[in-house]
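Welcome, and please have your viewer ready with the selection tool at hand. We will go from stop to stop, picking something and looking at what is there.

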Amino acid sequence: VYALWKKETWTSIGERISTKKRKNKQPKYINENDWTTLMEYWATKPAKKKNNNAAKSRKSDPLGKGVFKHNAGPVGFARIEYNIVISLVFISYTFA
């Protein structure tokens with residue numbers, strides 16, 4: 001439950017903070033000291049390097065098929081895995 005909450009929180013809040021960072025606008029829900037600390041951190045070399053590496057990774061095309069984007073929609077990976085296992089069991093039972 002905690003891992004799901006953490007993932008959902010990062011997805012929603014993280015994206016909002018990222019958007020505000022790009023626009024150089026402080027969100028109302030982050031106090032000035034924390035925002036200044038974040039901006040100072042993002043300006044450091046290690047943070048910029050991490051940001052550049054992540055951007056390269058997101059834009060990479062290792063298989064030559066274009067940039068991969070997750071397209072399962074609101075379906076979680078656990079549900080996808082479960083569906084695959086059920087399909088495989090059904091196929092093996094049907095053709096056995």
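Select G76 to begin: with a relative accessible area of 37%, this glycine is partly exposed, because partly exposed covers the range between 20% and 50%. Keep in mind as you look around that the model is a predicted one. G76 sits in the loop that links α3 and α4. Now add L4 to the selection and draw a line between the two C-alpha atoms. The distance is 9.8 Å, although 72 residues separate G76 and L4 in sequence.

**Step back to the whole chain**

Switch to a cartoon view and colour by secondary structure. You should find 4 helices and 0 strands, and reading from the N terminus the order is α-α-α-α. Next, try a surface view. About 9,000 Å² of the chain is exposed, and 61% of that area comes from carbon and sulfur atoms. How much of the chain counts as buried? Of its 96 residues, the buried share is 7%.

**Along α1 and into the next loop**

Select residues 2-23, which form α1. Within this helix, pick R16. Its relative accessible area is 46%, so R16 is classed as partly exposed. Then pick P27 as well: the C-alpha atoms of R16 and P27 are 8.4 Å apart, with their positions 11 residues apart along the chain.

Between R16 and P27 in numbering, stop at N24, which belongs to the loop between α1 and α2. Check the backbone here. Most residues other than glycine have a negative phi. N24 is not a glycine, yet its phi is positive, at about 55°. N24 also has a relative accessible area of 55%, so it is exposed, the cut-off for that class being over 50%.

**A patch of positive charge**

Show K20, R22, K23, K25, K28, R58 and K59 as sticks. Together they make a positively charged patch on the surface. Which helices supply at least two of its residues each? They are α1 and α3, the latter spanning 45-59. The top contributor is α1, with 3 residues. For a closer look, centre on K23, a residue of α1. Its relative accessibility of 55% is why K23 counts as exposed.

**Two tryptophans**

Move on to α2, residues 32-42, and display the side chains of W35 and W42. A pair of aromatic rings is described by the distance of the centres and the angle of the planes. The model has 1 aromatic pair. In that pair, the ring centres of W35 and W42 are 5.7 Å apart and the planes meet at 80°, so the arrangement is edge-to-face; angles over 60 degrees fall in that class.

Is each tryptophan buried or partly exposed? W35 has 7% relative accessibility and therefore counts as buried. W42, at 21%, counts as partly exposed, because buried requires a value under 20%.

**Last stop: a nonpolar patch**

Finish by selecting residues 77-94, helix α4, and locate I84 in it. Then add L88, F90 and I91 and turn the surface back on. With I84, these residues make a nonpolar surface patch of about 420 Å². I84 itself has a relative accessibility of 46%, so it is counted as partly exposed.

Methods: Residues are numbered from 1 along each chain as its sequence is written. This is a predicted model: local features need pLDDT of at least 70, side-chain atom pairs count only at pLDDT 80 or more; totals for chains, interfaces and linings use all residues. Side-chain values use heavy atoms; hydrogens and water are left out. Patches are made of residues with over 30% relative accessible area and no salt bridge: like charges are joined within 9 Å, nonpolar side chains (Val, Leu, Ile, Met, Phe, Trp, Tyr) within 5 Å. Accessible areas come from the Shrake-Rupley method with a 1.4 Å probe; for residues, only the protein chains shown count as cover. A salt bridge is a side-chain nitrogen of Lys or Arg within 4 Å of a carboxyl oxygen of Asp or Glu. Buried means under 20% relative accessible area, exposed over 50%, partly exposed in between (1.4 Å probe, protein chains only). Lys and Arg count as positive and Asp and Glu as negative; His and the chain ends are not counted. The place of a charge is taken as NZ of Lys, CZ of Arg, CG of Asp or CD of Glu. Rings of Phe, Tyr and Trp (its six-membered ring) pair if their centres lie within 6.5 Å; planes under 30 degrees apart count as stacked, over 60 as edge-to-face and the rest as tilted.
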